[in-house]
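Colleague: Could you take me through one part of this model closely, and then set that part in its surroundings?

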Amino acid sequence: MSHGAGAVIVDRAILRGAPIRAVSYLQPEHEWDSGFALLSGPPDSAAETALVCLQCIIDDHPEIAHGLDQARQHGEAIIDNAGGSATTTRIRPDTV
Ligand SMILES: [Zn+2]
């Protein structure tokens, strides 16, 4: 984690090549934490996770940059992989 952009919680399935389906964002509590989590399944689904540097994730998955912006604003973003960078968002009831 030398990029210094903060760590992202990433579903290990994504690291194995699964598409990113959801991004969630919580206010970071630590300096090393970006606040983001990436999931290959629906939000709140259980997943084995790993910590990956945010800059590396964006380098590997530039298509999710918009989803990250959406998640930062709304708490969560659902990635529509069929539509490329298109995303829809919904507001997490527990973060408003
Ligand atoms: Zn990195």
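In which helix is the place of Ile14, and which residues does that helix span?

Modeller: Ile14 has its place in helix 1, which covers residues 12–15; helices and strands here are DSSP runs numbered from the N terminus, helices being H or I of at least four residues and strands E of at least two. The model is predicted, so local features need pLDDT (the predictor's confidence in each residue, from 0 to 100) of at least 70 and side-chain atom pairs count only at pLDDT 80 or more, whereas totals for chains, interfaces and linings use all residues. Residues are numbered from 1 along each chain as its sequence is written.

With 23 other C-beta atoms within 10 Å, Ile14 is buried, a label that requires 20 or more such atoms, while 12 or fewer makes a residue exposed and the range in between partly exposed, with C-beta atoms placed from the backbone. Setting aside residues up to four places away in sequence, Ile14 touches Ile20, Leu38 and Ser40, a contact being two such C-beta atoms within 7 Å. Of these partners, Leu38 lies 24 residues from Ile14 in sequence, with 8.1 Å between their C-alpha atoms.

Leu38 leads on to the largest nonpolar core, where, together with Val8, Val23 and Phe36, it touches the most other members among 19 residues; such a core joins buried Ala, Val, Leu, Ile, Met, Phe, Trp, Tyr and Cys residues through C-beta atoms within 7 Å. At least two residues of this core come from each of strand 1 (7–11), strand 2 (22–25), strand 3 (33–39), helix 2 (54–60), helix 3 (65–74) and strand 5 (76–79). Beyond its neighbours within four places in sequence, Phe36 is in contact with Val8, Val23, Tyr25, Leu54, Leu68 and Ala71.

Strand 3 has five of its seven residues buried, and is therefore largely enclosed by the rest of the structure. Strand 1 runs parallel to strand 3 and is joined to it by three bridges, Ala7 having Asp33 as its bridge partner, while strand 2 pairs with strand 3 in the antiparallel sense over four bridges, with Ser24 standing opposite Ala37; pairing requires that DSSP find at least two bridges.

Two of the contacts of Phe36, Leu68 and Ala71, are also among the buried residues of helix 3, along with Gly67 and Gln70. Seen down the axis of helix 3, these buried residues fall within an arc of 165 degrees (taken over the directions from the axis to the C-beta atoms), so they line one face of the helix. The face turned away from that buried side carries the exposed residues Ala65 and Gln73.

After helix 3 comes Gly75, whose phi is positive, near 95 degrees. The C-alpha atom of Gly75 is separated by 6.4 Å from that of Leu26, although their positions lie 49 residues apart along the chain. Leu26 is in the loop between strand 2 and strand 3 and is partly exposed, with 16 other C-beta atoms within 10 Å.

Across the protein there are three helices and six strands, following the pattern β-α-β-β-β-α-α-β-β along the sequence. The average pLDDT is 82, and 77% of the residues score at least 70. Over residues 83–88, however, the pLDDT is below 50, and this stretch has 13 contacts beyond near neighbours in sequence; residues 91–96 also stay under 50, with seven contacts beyond four places in sequence. Where pLDDT is low, the predicted coordinates should not be read in detail.
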